[in-house]
2 protein chains.
Amino acid sequence: MEEDAVIKAMSALAHANRLRIFRLLVVAGGAGATPGTIADSLALPAATLSFHLKELLNAGLIGQQRQGRNLIYRADYAQMGALLAYLTDNCCQGEACDQPAALSCQC
Amino acid sequence: MEEDAVIKAMSALAHANRLRIFRLLVVAGGAGATPGTIADSLALPAATLSFHLKELLNAGLIGQQRQGRNLIYRADYAQMGALLAYLTDNCCQGEACDQPAALSCQC
DNA sequence: GCATTAATTCCATAATATTCGAAATATGGA
DNA sequence: TCCATATTTCGAATATTATGGAATTAATGC
């Protein structure tokens with residue numbers, strides 16, 4: 001993952017509304033969610049939600065698929081994994097370090 | 001980790017200079033680094049570097065320790081791990097998901 | 001074609017973050 | 001005490017980002 005992409009992804013997640021949207025999609029899994037249901041869950045005006053979904057999309061953290069009148073958004077787990085990996089890459093100059101990463105999931 | 005703390009941490013990492021500073025400290029490991037050497041490595045004016053170090057400190061991602069005339073900054077690996085864990089927590093509603101996290105280190 | 005539902009784009013306003021020179025503070029040694 | 005080195009704080013200009021109502025685009029069925 002390139003530095004630019006990492007910064008885009010971090011910026012995308014550095015906002016309460018977007019973090020909540022992303023977490024909602026991470027928890028939702030393969031089924032994803034539509035803007036309508038997300039707006040209901042998080043009590044966001046449609047225009048505001050749309051702005052944030054575009055940011056997350058642009059950052060590559062989520063994907064979009066049309067299904068009739070609805071759009072379905074889904075978390076991009078590969079991108080999330082790449083982001084996490086970037087932070088720890090080359091940690092401690094490769095020396096052994098033994099604090100557990102404590103990831104609750106292997107998505 | 002609380003949502004507020006996650007947002008602070010993400011905001012801190014959502015900037016090229018801070019991401020570079022943090023990565024430098026992650027790679028440096030327990031030895032850490034002083035503002036002087038960081039400024040040299042990244043070609044940053046002292047005032048600018050200081051501003052960013054304060055942000056990272058405030059976000060809990062790094063620690064500070066005085067040693068004579070120098071300050072030593074170090075990555076906080078526990079906080080980094082907690083941040084990574086927050087993103088994946090409750091992923092896919094707990095269903096099995098098998099894409100590897102691809103973390104290169106267990107700090 | 002027209003009405004209906006779903007979602008996005010436009011736009012003006014408001015709020016927040018970034019930069020870095022110059023001045024201030026802290027430490028240790030002569 | 002006084003000087004040199006290390007680092008931070010101040011401050012003011014600049015740039016970026018977020019909000020949400022109203023208008024617009026897209027898809028479906030009658």
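Here are some notes on chain A and on how the protein meets DNA strand D.

1. Before you start: this is a predicted model, where local features need pLDDT of at least 70, side-chain atom pairs count only at pLDDT 80 or more, and totals for chains, interfaces and linings use all residues. Residues are numbered from 1 along each chain as its sequence is written, chains are lettered from A and ligands numbered from 1 in the order in which they are written, and side-chain values use heavy atoms, leaving out hydrogens and water.

2. Let's take chain A. Five helices and two strands make it up (DSSP runs, H or I of at least four residues for helices and E of at least two for strands, numbered from the N terminus). Along the sequence, the pattern reads α-α-α-α-β-β-α.

3. How much of chain A is buried? Of its 107 residues, 46% are, where buried means under 20% relative accessible area (1.4 Å probe, protein chains only).

4. Now the DNA. Around strand D there are 23 residues, and Arg18(A), His52(A), Gly36(B), Ser50(B) and Tyr73(B) come nearest. A residue is near a strand if one of its heavy atoms lies within 4 Å of it. Of the strand D atoms within 4 Å of the protein, 70% belong to sugar or phosphate, the rest to bases.

5. Check the polar contacts too (pairs of N or O atoms within 3.5 Å). Arg18(A) has a polar side-chain atom 2.7 Å from a phosphate oxygen of strand D. For Asn70(B), the partner is a sugar or linking oxygen, 3.1 Å away.

Terms used:
Polar contact = N/O pair within 3.5 Å; in protein donor to acceptor, adjacent residues only side chain to side chain. Buried < 20%, exposed > 50% of the residue type's maximum accessible area, 1.4 Å probe, protein only.
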